[in-house]
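Q: I am new to this structure. Please take a close look at the loop that holds one of the listed binding-site prolines, and then show how the parts around it fit into the whole chain.

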Amino acid sequence: MSRLDTAVQADPLAPYGGVEADAAWADEVRRLAKERDAVLLAHNYQLPEIQEIADHTGDSLALSRIAAASEASTIVFCGVHFMAETAKILSPDKTVLIPDARAGCSLADSITGEQLRAWKAEHPGAVVVSYVNTTAEVKAETDICCTSSNAVDVVASIPEDRDVLFCPDQFLGAHVKRVTGRENLHVWVGECHVHAGINGPELAERAAASPEADLFIHPECGCATSALYLAGEGAVEAERVKILSTGDMLTAARQTRATSVLVATEVGMLHQLRKAAPEIDFRAVNDRASCRYMKMITPAALLRSLREGADEVDVDPDVAARARASVQRMIEIGKPGGGE
Ligand code: SF4
């Protein structure tokens, strides 16, 4: 038995390894991508070497749109499974590959299609709003998808007297409920293990230690509520606190006058922020906030994907058609931004 077999047995999520991201690797990746007529897309939370080799980097929705507009017949989606599924929903005629299909998402896994159907049965007539971090099956049961940029606009577009079921993220749900003041918004208690680990006390401590720094906070973070509270209490100037999707963080990085910024989201985001504004000192609120699923897309996994045409992502055509309708409604309302 090889050492890799042992590792896989000990940890079912052990990533593919043993390949260094050197110049020969980069040449081979580019050659194979050309041979397969593939476009390489990388999410902002990917390893820096994967972001660097990709044709495009971005947030989940921006990448799905690029995938749909691309002339390439194959999409290699370096991200987590629900993102590759969303690309397939929007590009049903293209081959969509993810370098490691085990790369899941604890937030997307916090509600299943069956659980959502049972929740809907308890609230007949309610409108279902789901964050994009959901499986195709959950999207198919959803009326309108949303991103963190347009979640408030999506909920505000629903008549006041209709109940709203919001899933799966409790922190984004709490943010939307606070902003809209809507009592008939029911929030599913799901969370991302990475974002939930970025907590309020840690943020307060870091903010106090760096009084000159801006705070860039993703609304899925456990600390989003604390950040607004700190601002309300005057502990942190309100202008310093910016609740932003990952795409909006890059825009804010190019516009801010701050010389240092504390960032509360997955640490992979720092790579793009530092590239966007090299003169700014970007620091993580919690440098342990790293998503193990995102980091499963290793140089070895990408090489294997291109060599073997694996792992292919498929979505049942009926599920895809219903899921597509909820994603299309999301795109029509407000400024959808890019979600995670
Ligand atoms: S950081 Fe959280 S929400 Fe994002 S992919 Fe990882 S587990 Fe999912």
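A: What follows starts with how the model is to be read, turns to the loop and its neighbours, and then widens to the rest of the chain.

This is a predicted model, in which local features need pLDDT of at least 70 and side-chain atom pairs count only at pLDDT 80 or more, while totals for chains, interfaces and linings use all residues. Residues are numbered from 1 along each chain as its sequence is written. The mean pLDDT of the chain (the predictor's confidence in each residue, from 0 to 100) is 91, and 96% of the residues reach 70 or more.

Pro219 sits in the loop between β9 (214-217) and α12 (224-233). Helices (H or I, at least four residues) and strands (E, at least two) are DSSP runs, numbered from the N terminus. In the UniProt record, an unreviewed entry, Pro219 is one of the positions listed under "binding site", together with His43, Ser60, Tyr131, Val132, Asn133, Ser148, His218, Glu220 and Thr246. UniProt positions are given in the numbering used here, feature names are shortened, and annotations may be inferred rather than shown by experiment.

Is Pro219 buried or exposed? Pro219 is buried, because 27 other C-beta atoms lie within 10 Å. The cut-offs are 20 or more other C-beta atoms within 10 Å of a residue's own for buried, 12 or fewer for exposed, and anything in between for partly exposed, with C-beta atoms placed from the backbone. Leaving aside neighbours within four places in sequence, Pro219 is in contact with Ser148, Phe171, Leu172, His175, Ala224 and Ile243. Contact here means that the C-beta atoms of two residues, placed from the backbone, lie within 7 Å.

Ser148, one of these partners, also appears in the UniProt "binding site" list. The loop that holds Ser148 runs between β6 (144-146) and α8 (151-156). Ser148 is buried too, because it has 30 C-beta neighbours inside 10 Å.

Phe171, Leu172 and His175, also partners of Pro219, are among the buried residues of α9, along with Gly173 and Val176. The cover over the buried residues of α9 includes β5 (127-131), α8, β7, β8 (185-187), α10 (193-196) and α12. Ahead of α9 (170-180), in the loop that follows β7 (164-167), is Pro168. The peptide bond between Cys167 and Pro168 is cis, with omega of about -5 degrees. Just after α9, Gly181 has a positive phi of about 65 degrees.

On the other side of the Pro219 loop is α12. Ala224, a contact of Pro219, is buried in α12, as are Ser226, Ala227, Leu228 and Leu230. The buried residues of α12 pack against α9, α11 (200-209), β9 and β10 (241-243). Just after α12, Gly234 takes a positive phi of about 80 degrees.

The wider chain is divided into domain 1 (3-104 + 293-315), domain 2 (108-192 + 320-332) and domain 3 (194-284), with bounds from an automatic or database domain assignment. The centres of domain 1 and domain 2, taken over C-alpha atoms, are 28 Å apart. Between these two domains, 10 residues of domain 1 are in contact with 12 residues of domain 2. On the domain 1 side, α4 (60-69) and α5 (81-90) each supply at least two residues, and α5 gives the most, with five. That side divides into six nonpolar, three polar and one charged residue. In this count, Ala, Val, Leu, Ile, Met, Phe, Trp, Tyr, Cys and Pro are nonpolar, Asp, Glu, Lys and Arg are charged, and the others, Gly among them, are polar.

A few further backbone details lie elsewhere. A second cis peptide bond joins Ala310 and Asp311, with omega of about -10 degrees, and Asp311 is in the loop between α15 (299-308) and α16 (317-332). Asp37, in the loop between α2 (23-35) and β1 (38-43), has phi near 55 degrees, a positive value in a residue other than glycine.

One stretch calls for caution. Over residues 1-8, pLDDT stays under 50, and the model has three contacts beyond four places in sequence for them. Where pLDDT is low, the predicted coordinates should not be read in detail.
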